Amino acid sequence: MTRGTLEVLLVSAKGLEDSDFLSGMDPYAIITYRTQEKKSGIASGKGSCPEWNESFLFSISNDHTELKIKLMDKDTFTADDFVGEAIIPLEPVFAEENIPPMSYNIVKDERYCGEIKVGLTFTLQRSREGVCSEESFGGWKESSME
């Protein structure tokens with residue numbers, strides 16, 4: 001079982017299809033690992049080439065091996081538009097512990113619709129098996145010496 005912390009550096013996107021006809025896109029990302037969800041800031045007026053340079057931390061506590069990044073376009077008077085999503089495999093970062101920022105395809109309805117640049121860093125939680133701690137003795141600190 002893999003346990004640790006995953007840091008996701010959301011850098012930028014490019015080549016996005018502009019879903020707003022009258023005004024520029026205001027894209028943001030929703031990053032999901034299992035039930036953990038983080039939302040980036042809105043890149044207001046950045047159109048089809050937004051930059052975020054934001055980091056997000058996720059607790060990794062099982063063998064779930066993919067990260068989803070869903071790109072949305074913030075709208076004021078209507079529901080936000082779905083731009084597309086990238087599914088990033090995590091096996092390489094579990095093995096290497098650091099994947100420098102690289103581009104992943106964004107797909108909508110099985111069609112390419114841009115790229116997102118993401119860096120990943122995994123910090124493995126070291127097991128403490130065989131190490132005795134005060135807590136493992138079941139409250140010996142509270143027992144009396146009489």
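Let me begin with one residue, Lys-14, which has a relative accessibility of 48% and therefore counts as partly exposed, since that class lies between the 20% and 50% limits. I should say at once that what we are looking at is a predicted model, so please hear everything that follows as a description of that model.

Lys-14 is of interest here for its partner, because its side chain meets that of Glu-115 in a salt bridge, with 4.0 Å from N to O. The two residues belong to distant parts of the chain, Lys-14 sitting in strand 1 and Glu-115 in strand 8, 101 residues apart. In general terms, side chains of opposite charge can pair when their charged atoms come close. The structure holds 1 salt bridge.

That brings us to the strands themselves. Strand 1, residues 4–14, pairs with strand 8, residues 111–124, in the antiparallel sense, and 10 bridges run between them; within this pairing, Val-8 stands opposite Leu-120 of strand 8. Strand 8 also has strand 7, residues 98–108, as an antiparallel partner, joined to it by 8 bridges, and there Glu-115 appears again, this time as the bridge partner of Asn-105. Strands 7 and 8 form a hairpin with 2 residues between them, and in its turn Asp-109 has a positive phi of about 55°.

Now let us go to the interior. In soluble globular proteins, nonpolar side chains tend to be buried together. In this model the largest nonpolar core has 31 residues, and those with the most contacts inside it are Leu-6, Leu-67, Leu-71, Ile-116, Val-118 and Leu-120. Several elements each supply at least two residues of this core, among them strand 1, strand 5 (66–73) and helix 1 (91–96), while the largest share, 5 residues, comes from strand 8.

Which residue in strand 8 might we follow further? I would choose Leu-120, whose place is in that strand and which counts as buried because its relative accessibility is 1%, under the 20% limit. Not counting residues up to four places away in sequence, Leu-120 touches a list of residues including Leu-6, Val-8, Leu-67, Ile-88 and Tyr-104. Glu-7, which Leu-120 also touches, lies 113 residues away from it in sequence, yet the C-alpha atoms of the two are 5.8 Å apart in space.

Seen from Leu-67, with neighbours within four places in sequence left aside, the contacts include Leu-6, Val-8, Ile-31, Tyr-33, Ala-86 and, once more, Leu-120.

Key:
Residues numbered from 1 in each chain as written. Predicted model: local features only at pLDDT ≥ 70, side-chain atom pairs only at ≥ 80, totals over all residues. Heavy atoms only, no water. Pairing = 2+ DSSP bridges. Helix = DSSP H or I, 4+ residues; strand = E, 2+ residues; numbered from the N terminus. Buried < 20%, exposed > 50% of the residue type's maximum accessible area, 1.4 Å probe, protein only. Core = buried A, V, L, I, M, F, W, Y, C linked by side-chain atoms within 4.5 Å. Contact = heavy atoms within 4.5 Å.
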